[in-house]
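Trainee: I have a structure open and I want to learn how to read it. Can we go feature by feature?
Mentor: Yes. Bring up the sequence and the model.

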Amino acid sequence: MSYLHLPRIIFTGDFQADVATVNNDVRHFDNETFEKRFQFPREESSDINNGAWNPEGSNNFKLLNCQIIQGTLPDERVVNNQTDDILIGASVNGSPYFSNGKMVDLDPQMQMASELWAVKLRFSTHDGQLLLEGDILPVGFRDIQPRQFPNTEDDTYYMRNGQRMGACWASVLENLKWGSHAMKSPLLKALKLATKSNRIAVQLTSFGFYYSHKDGRFSLGRIMGCIGPWLSDEPDLFAPARRLYGAVSQYFRYSNFYVNKHLHSLTVDLGGSYPINSALGDLNINFPKVKLAVSKKAITIPQANPDHKYRIAPDQFIEIGTVVPASPGSWLLDTAGIVSFRLTKEALNLLNDHQLLLLIEEQGENIIYARESIKGIHIRADSFIFRMDPGDQHKTKIYAYQWGEPLAGININIALLPPMADQGGGLENDPAPPLAKIPLINFPAGKIDHPLTVVTNKKGVATFTMSGGNPENYRKYVDGQLYLFSYKIEGFPELDQYFFFGMMMDLICVHLRDKFEVPENPEWDDVAAIWTQFGNVYPIMSKYIVDMSKMEELMKYTNILLHSFTRDIHDATYMPVTRDLSKNKMLTLIKWLKNPIASNDNGPKRATEASLAVTNELSIDKTLSSRMKEITNQKGGFKDIPITGPFDARYTIESID
C-alpha cells in the first residue's frame, strides 16, 4: 500500500523553507579566502552572487495555512464536506510546542536531494483539539521537474517567483498519536484500522517556491500532502507504485499511479507533473484536458524528447478516461491532482502487462505525452542519502517491480560515478567569484567498500551494504568527500529512472567524513577553524547571536551550544543544522565547550594548502560534470530552462509504428 491506496486523505496549503544560501557555494567553506560580502545577498544589478538569495536563512521548514480538503474511504466514497467528516477543514501544522523542522542539503556539492529533518505533521480541529500527529522520517526530495510554463510566447508572469521547479518528498509518519476525537472521523477511523506498525505513508508535493521578494511570498511555496496506509514490506521513502515518464520535452516528467485489481480502478497522481502557469497553481491553458489509456503494444520511445512527438493510432490503445479540470484556477489545490477511474474488464486485464499512456489530442491526433516505464519496470533505492564516518557501515534496500509486482532474481549493478569537476559553485557569470578552487567529487576512489552487484530476493528487494574508509581530506577546506553511486539492472540498457535534463538522478549519495582524532584536552587551536567556518557560512548565528570566530564570545554561550550539540540528530534544535559534522569533530567541540581551553596564539590554525590540481592520471567526466552543474544551477534559480511550447511547430511528429 502507499499514499495512493485507500483510505486516502489530502491536504493543501503553503510551506516556508527559510534555507541558508551562503553554504550553497562550496568555496565559501574555505576560511582562508572567505570574504564578509559572502554574507550579503546577491547583487541583482551586477550579477555578483555574494551569498545568493537568502544568506541569513535559518533552515527552518514549516507548513502554513494547510487544511484537509478531501478524503476517500475504502469503498471509494469521496468525502469533502465537514458535515460528513470532522476531518475536512482540519488544520495541518507542525508541533505547537517545539521548534520548526529543518530543510538541509547533504553537502554543498550535492544540492539535488534537499532533506526534511525533524518535521512533524499535526492534524487538529478548528479549536485546536488533536486528531492525529506523527513525525516524518527524514527524507530528501526526488522527482524534481519543471512545473511552471508560459501560457503564450510573450508570457513572463509565469516566472515571477524565480523558480519554476517542483519536487516531492515521499516518506512515512512515525510515532503516531491519535487524538481522543480521531475516531469521530470516518476517514481517520478507517486509516487507523489499516495502519500497521504505527506508521502511515505520506507524500508531499511542492511547487511555486519564491526566491524573489514579489507578492509578499518570499521563501514561501505551495504544498500538497497525501497520506494513506503503509505495510511492513514496503519501502519507507518512495511509493511502491507504477510510473509514468514524460515523452515530450519537459512536460509530465514523473507521475505515480496504482491499479487496484480488487476495485477495478486506476488512481493517478498528476499533482507533481500537471503543467501550471503561475506559482500559485493555476493550470497552463495549453493543457485543458488529458486522456489516459492503456497501450496494446510496447512503447519504447525515449523520455523527454526535445524535438519529436509520437502519435498513436486509436486502434492501438484502449481509452480509460479523460481528466478535465473543472476549475483550472483551483483544481490542483482542490484535488492535489489525484484522479481515479473505473476500469473495464478489458482495460484491467491489459494493464496486467501493458503500459499506461497519457495522451493529448492535437489536430485530431493522439500524441503520447507520457508513457509507463519500458516493460513496466520500476527500480529505486529506499534510503539514498548517507552521512558516514570512517569505519561506519550503512545499508539500503533497492526495490525492483514489474507491472507493480516484485521482480525477483535480477542482478543490480552499482557503480561509483567518475570524478566530477565544478560542482557546488555559484553563478557562472559572477564577475567576482570566490578565490578558492572547487574540489573534485567522487575522488579518490576505493574509499567506500561495496559490492558491485546485488540480487533481488523473492520480494524483489536487494540489500546494498557500504563500509566507509578515510577520504584523506582530499577537499581540504571542506570536511570529507562526496561520493555518488548509480544503480541499474544488469543487461537492461533501456531502464527508465529519474532523469533530470539528460542525467540520471536516481543516485545513492554519500558524504564520507575525514578521519579525525579527538584530542584528550581540546584547545582553541583544535576547534577554532570549525567554529569559524560555522560562523562564515551561517551568518544568522555570527551576525545576531555569537561571533563564532572569537573564543571569548563563544564562552558566553557554552551552555546553550552544549544543549544543541548534544541533541539527538532527529531533534529540531540539533546543531549543526546541516548535520554535516563527523562524530569525532562533534565530540571535540563538545569536550571543548565543557572545558574551554585557550591556545597560545588564540587563533585558528591555518588550513593546509589545498592540493586540488588535476593529475594526468585522473580522468574527469566533463560531460557528466557539465550536466550536474547545469542541473544545480537550474534548481538554484541561477539559470532558466529553454521553453518549447507544447504546440510548437518545430516538433517533428512521428508514428510509433
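Trainee: How many salt bridges does a search of the whole structure find?
Mentor: The general idea comes first. Side chains of opposite charge can pair when their charged atoms come close. This is a predicted model, and the search finds 33 salt bridges in the whole structure.

Trainee: Which residue meets Arg342 in a salt bridge?
Mentor: Glu76 does, with 2.6 Å from N to O. Now look at where the two partners sit. Arg342 is in strand β20, residues 338–342, while Glu76 is in the loop between β2 (60–72) and β3 (78–79). The partners are 266 residues apart, and the pair links distant parts of the chain.

Trainee: Are Arg342 and Glu76 buried or exposed?
Mentor: Use the relative accessible area. Over 50% is exposed, and under 20% is buried. Arg342 has 52%, so Arg342 is exposed. Glu76 has 24%, so Glu76 counts as partly exposed.

Trainee: What is the closest distance between N and O atoms in the salt bridge of Lys309 with Glu362?
Mentor: It is 2.9 Å. Lys309 lies in strand β18 (residues 308–312) and Glu362 in strand β21 (residues 356–362), so this salt bridge ties together parts that are 53 residues apart in sequence. Both Lys309 and Glu362 are buried.

Trainee: And Lys515 with Glu517: are they buried or exposed?
Mentor: Both Lys515 and Glu517 are exposed. They form a salt bridge too, with 3.9 Å between the closest N and O atoms.

Trainee: Which residues are linked in a network of salt bridges?
Mentor: Lys120, Arg122, Glu133, Asp135 and Lys177 are.

Trainee: Next, helices. Why do residues three or four places apart point the same way?
Mentor: An α-helix has 3.6 residues a turn, so residues at that spacing point the same way. Try helix α7, residues 558–565. Its buried residues are Thr558, Leu561, Leu562, Ser564 and Phe565. Seen down the axis of α7, these buried residues fall within an arc of 165°, so they line one face of the helix.

Trainee: Which exposed residues does the face of α7 turned away from its buried side carry?
Mentor: Asn559 and Ile560.

Trainee: What covers the buried residues of α7?
Mentor: The cover includes α4 (524–537), α6 (551–554) and α8 (583–594).

Trainee: Let me try a charged residue. Is Glu372 buried or exposed?
Mentor: Glu372 counts as buried, at 0% relative accessibility. Its place is in strand β22, residues 365–372.

Trainee: Which side chain does a polar contact of 2.8 Å join to that of Glu372?
Mentor: The side chain of Arg242. Beyond four places in sequence, Glu372 also touches other residues, among them Arg243, Leu244, Phe257, His354 and Trp403.

Trainee: Where is Arg513 found?
Mentor: Arg513 is in the loop between β34 (507–512) and α4. Its relative accessible area is 5%, so Arg513 is buried. A polar atom of its side chain lies 3.3 Å from the backbone oxygen of Leu581.

Trainee: Now sheets. How should I read one?
Mentor: Strands of a sheet pair through backbone hydrogen bonds, either parallel or antiparallel. Here, five strands form an open sheet in the order β24-β34-β31-β27-β29, and the pairing is mixed.

Trainee: Which are the edge strands?
Mentor: They are β24 (385–388) and β29 (453–455), and each pairs on one side only. On average, neighbouring strands of this sheet are turned by 25° against each other, direction ignored.

Trainee: In which sense do β31 and β34 pair, parallel or antiparallel?
Mentor: Antiparallel, over six bridges, with β31 spanning residues 481–489. As an example, the bridge partner of Ser486 is Leu507 in β34.

Trainee: Which strand holds Tyr483?
Mentor: Strand β31 does. Tyr483 has a relative accessible area of 2%, so Tyr483 is buried. Leaving aside neighbours within four places in sequence, its contacts include Leu416, Phe443, Ile448, Pro471 and Val510.

Trainee: What backbone oxygen does the side chain of Tyr483 reach?
Mentor: That of Pro444, at 2.6 Å. Compare Gly469. Gly469 and Tyr483 are 14 residues apart in sequence and 12 Å apart in space, C-alpha to C-alpha.

Note on methods: Residues are numbered from 1 along each chain as its sequence is written. This is a predicted model: local features need pLDDT of at least 70, side-chain atom pairs count only at pLDDT 80 or more; totals for chains, interfaces and linings use all residues. Side-chain values use heavy atoms; hydrogens and water are left out. A salt bridge is a side-chain nitrogen of Lys or Arg within 4 Å of a carboxyl oxygen of Asp or Glu. Helices (H or I, at least four residues) and strands (E, at least two) are DSSP runs, numbered from the N terminus. Buried means under 20% relative accessible area, exposed over 50%, partly exposed in between (1.4 Å probe, protein chains only). The arc is that of the directions from the helix axis to the C-beta atoms. Contact means heavy atoms within 4.5 Å. A polar contact is a pair of N or O atoms within 3.5 Å; within protein, one must be able to donate a hydrogen and the other to accept it, and residues adjacent in sequence count only if both atoms are side-chain atoms. Two strands pair if DSSP finds at least two bridges between them. Axes are lines fitted to C-alpha atoms, for helices over the stretch in contact, and angles run from 0 to 180 degrees between N-to-C directions.
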